[in-house]
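Please work through the exercises below with the sequence and the model side by side, and try each task before reading its solution.

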Amino acid sequence: MGGEPTQQHHWNGVLDSALDAVGNTPLIRLSKIAKEEGLACTLLGKCEFMSAGGSVKDRIAKRMVLDAEKRGVLIPGQSVVIEPTSGNTGIGLALACAIKGYQCIITLPAKMSLEKEVMLKALGAVIVRTPTEAAWDSPESHIGVARSLEKSIPHGIILDQYANPQNPLAHYHTTYPEIMHALATSDLPSKHISLLVAGAGTGGTITGIARGIRDGEAGTGKRATVVAVDPVGSILGGGEPGNYEVEGIGYDFFPEVLDPRPPLIDEWVKTEDKESFAATKRLIRTEGLFVGGSCGSALSGALRYLHSPAGQHIASDPTANVVIILPDGVRNYMSKPWFLDQMEDEAMVELKQQIKGVIGRELSEPGVIVQKAEEEGVTLQDGEGVGLGMGRRESGESRGSGTLVGSYADEKGGSISEVMDKLGLGTKGAAT
Ligand code: P1T
């Protein structure tokens, strides 16, 4: 699979467009989690949320577009890019289309987050929602609808992440070499991958990286273990099709680009939503990584494997490197109940009690500016809010920051400092 230009591993100078900021993501130690789990091996996360469009799928979107242009099947100013996706491939494609000037239609199952839809719209894509429950080969599914649109929309073209060889090739030629470069330039005792863990959707990520690993280790006597993670409710790792909430991984059919067996993939681990979301929050809370739901699945699957008899020799080896692919970021899922439902530990509850004692009210109650504004009968506009950090109203209606005093001043016809004085707050240190 040669013939590729030398991989660029870090930024030099200025970039031509956001497409040049796709990939080249950092490999970050998950040392706190490794310690908590009693693992001797090095746990590493490949942080794909740091790519320009926010996910691992930027890589394949960019590559599929460039390849189609090269082959002359995507014609600037004419072609309409259509893609069935769980959202991230759509965002990557819409980003490329925005830069290159193509129209873009994305078919998206209903369960996928509002955040993805809004991002797609911001990039100028047209979204068609489809029923989540529709079987992949039914005309109502995201794949079925995309196919009928391709037939009817003039110059419509599906680049087809499920079958396009550029999907795994993107990972063979970028994700894998980036991991190896990070290891080679690290101070780790070994520069090899001992265990790779990744969730599978189209399977392009795990298939492409695993091909790189197998080609790289040929003749070295080394052999990495490759573990794929699959949600309960998907058939890729065995089991019956069903419902689950995690986005981006698992299907009710085997995509063409997925090579699910040895010598590429050694084992499949099945994960539940609950453990995935708990592991996602753990990655955020303990390692400070803004990861999305399928990252939690990957972490949970990795830990399950490492604690199993098969994974013991890796878990207990201080020279072993475990690479976990973290495909997207939590900013894709901020409105999801699983994310909004945040656990407070004992220390936080105690700290909140202390704060309450200092400020003399519930943290969630509006502060004096909001109360006084309301006493004065001022109607607060959406997005106006709590310039002095006054939090949310009891109804749960969120207040943005910064503009309350200014708008209050506008309505009352006074200057900001006059209003602040009137409210008995003074202007010192106030946000406007
Ligand atoms: O498709 P694959 O390379 O196997 O990546 C799986 C994956 C994992 N996690 C998230 C959040 C994802 O979005 C994906 C794959 N996403 C799509 C197939 C898509 O259309 O966005």
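Two exercises follow, one on a strand and its neighbours and one on enclosed cavities.

The model is predicted, so that local features need pLDDT of at least 70 and side-chain atom pairs count only at pLDDT 80 or more, while totals for chains, interfaces and linings use all residues. Residues are numbered from 1 along each chain as its sequence is written, and side-chain values use heavy atoms, with hydrogens and water left out.

**Exercise 1.** Determine how strand β4 is placed among its neighbours, starting from the burial of its residues.

Solution. Begin with the element itself: helices (H or I, at least four residues) and strands (E, at least two) are DSSP runs, numbered from the N terminus. Six of the seven residues of β4, residues 103-109, are buried (under 20% relative accessible area with a 1.4 Å probe, protein chains only), so the strand is largely enclosed by the rest of the structure.

Next, look at the partner β3, residues 80-84, which pairs with β4 in the parallel sense over five bridges; two strands pair if DSSP finds at least two bridges between them. Within this pairing, proline 84 stands opposite threonine 107 of β4. From β3 the chain crosses to β4 through helix α3, residues 88-100, in a right-handed β-α-β crossover, where right-handed says that, with the strands pointing away from the viewer, the path from the first strand over the helix to the second runs clockwise.

Then turn to β5, residues 126-130, which also pairs with β4 in the parallel sense over five bridges, with proline 109 opposite threonine 130 of β5. Together with helix α4, residues 114-122, β4 and β5 make a right-handed β-α-β unit.

**Exercise 2.** Describe the largest cavity by its volume, its lining and the domains that contribute to it.

Solution. Fix the rule before taking the volume: on a 1 Å grid over the protein atoms alone, a cavity is a set of points where a 1.4 Å probe fits but cannot get out, and lining residues have an atom within 4 Å of a point. Grid points are joined across faces, edges and corners, and a volume is the space filled by probe spheres set on the points. The largest cavity holds about 260 Å³ of space.

Now list the lining, which comprises 24 residues, with Val56, Lys57, Gly248, Ile249 and Pro327 nearest the centre. Helix α3, strand β7 (195-199) and helix α7 (204-217) each supply at least two lining residues.

Finally, assign the domains: domain 1 (18-54 + 167-340) and domain 2 (57-158) each give at least three residues to this lining, the bounds coming from an automatic or database domain assignment.

How values were computed: Buried means under 20% relative accessible area, exposed over 50%, partly exposed in between (1.4 Å probe, protein chains only). On a 1 Å grid over the protein atoms alone, a cavity is a set of points where a 1.4 Å probe fits but cannot get out, and a pocket is an open set with protein on both sides within 12 Å along at least five of seven lines; lining residues have an atom within 4 Å of a point.
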